Amino acid sequence: MVFEVQKDESIDECLNRMKQQGYMPIRRMEEPIFQEVVKGNETLYEPVGRKIVFEGKLME
């Protein structure tokens, strides 16, 4: 199962949420979030944040 860290949530809170649902993290993935900025004739992509996702495995 996949758990995404929400905007108003810390990484620790997400990990605790996983634990409460019976999952343990097995992989962490981060993806940058970009914003398109147009300056004159040029289009630039500036990083504005990141998306953190944990893949969880059901604890036995």
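**Figure 1. The hairpin of S2 and S3 in a predicted model.** Here S2 and S3 form a hairpin, and two residues separate the strands. Look for Gly-40 in the turn, where phi is positive at about 65°. The model shown is predicted. Following the hairpin away from its turn, you can trace 16 bridges between S2 and S3, which pair in the antiparallel sense. Two of these positions are handy landmarks: Ile-33 has Gly-49 in S3 as its bridge partner, and Arg-28 has Phe-54 in S3.

**Figure 2. The whole chain, for orientation.** Before zooming in again, it helps to step back. The protein has one helix and three strands as its secondary structure, and starting at the N terminus the elements follow the order β-α-β-β. Its radius of gyration is 16 Å, well over the 10 Å that the globule rule gives for 60 residues, so the protein is more spread out than a compact globule. The C-alpha trace covers about 55 × 20 × 10 Å along the principal axes.

**Figure 3. The open sheet and its edges.** The sheet is open and built from three strands, ordered S1-S3-S2, with antiparallel pairing. Which strands stand at the edges? They are S1 (2-4) and S2 (23-39); each has a single partner strand, so one side of each is left without a neighbour in the sheet. From one strand to the next, the twist averages 30°. As you inspect the strands, remember that side chains in a regular strand alternate between the two faces of the sheet.

**Figure 4. Strand S1 against S3, with the helix packed on the sheet.** S1 and S3 run antiparallel and are joined by three bridges. Within this view, Val-2 stands opposite Glu-55 in S3, and Phe-3 stands opposite Phe-54 in S3. Helix H1 (residues 11-20) packs on the sheet and touches S1, S2 and S3. The direction of H1 makes about 30° with that of S3. Phe-54 is worth a second look, since the residue also appears in Figure 1 as the bridge partner of Arg-28.

**Figure 5. Surroundings of Met-1.** Met-1 belongs to the segment before S1. What is Met-1 in contact with, leaving aside its neighbours within four places in sequence? The answer is Gln-21, Tyr-23, Phe-54, Glu-55 and Gly-56. For a sense of scale, consider Gly-49, which is 48 residues from Met-1 in sequence and 23 Å from Met-1 in space, C-alpha to C-alpha.

**Figure 6. Surroundings of Gly-22.** Gly-22 sits in the loop between H1 and S2. Leaving aside neighbours within four places in sequence, Gly-22 is in contact with Lys-57, Leu-58 and Met-59. Glu-60 is 38 residues away from Gly-22 along the chain, and 8.4 Å separates their C-alpha atoms.

**Figure 7. The largest pocket.** Rolling a probe the size of a water molecule over the atoms shows where empty space is left. In this model the largest pocket holds about 230 Å³ of space. Its lining consists of Glu-4, Val-5, Gln-6, Lys-7, Glu-9, Ser-10, Ile-11, Ile-33, Arg-50, Lys-51 and Ile-52. Which element gives the largest share of that lining? Strand S3 (residues 42-58) does, with three residues. Sorted by class, the lining has five charged, four nonpolar and two polar residues. Ile-33, one of the lining residues, ties this view back to the hairpin, where Gly-49 in S3 is its bridge partner.

Notes:
Residues numbered from 1 in each chain as written. Predicted model: local features only at pLDDT ≥ 70, side-chain atom pairs only at ≥ 80, totals over all residues. Heavy atoms only, no water. 1 Å grid on protein atoms, 1.4 Å probe; cavity = no way out; pocket = protein on both sides within 12 Å on 5 of 7 lines; lining within 4 Å. Points joined across faces, edges and corners; volume = space filled by probe spheres on them. Helix = DSSP H or I, 4+ residues; strand = E, 2+ residues; numbered from the N terminus. Nonpolar A, V, L, I, M, F, W, Y, C, P; charged D, E, K, R; others polar. Pairing = 2+ DSSP bridges. Axes fitted to C-alpha atoms, helices over the stretch in contact; angles between N-to-C directions. Contact = heavy atoms within 4.5 Å. Rg over C-alpha atoms; globule rule 2.2 N^0.38 Å.
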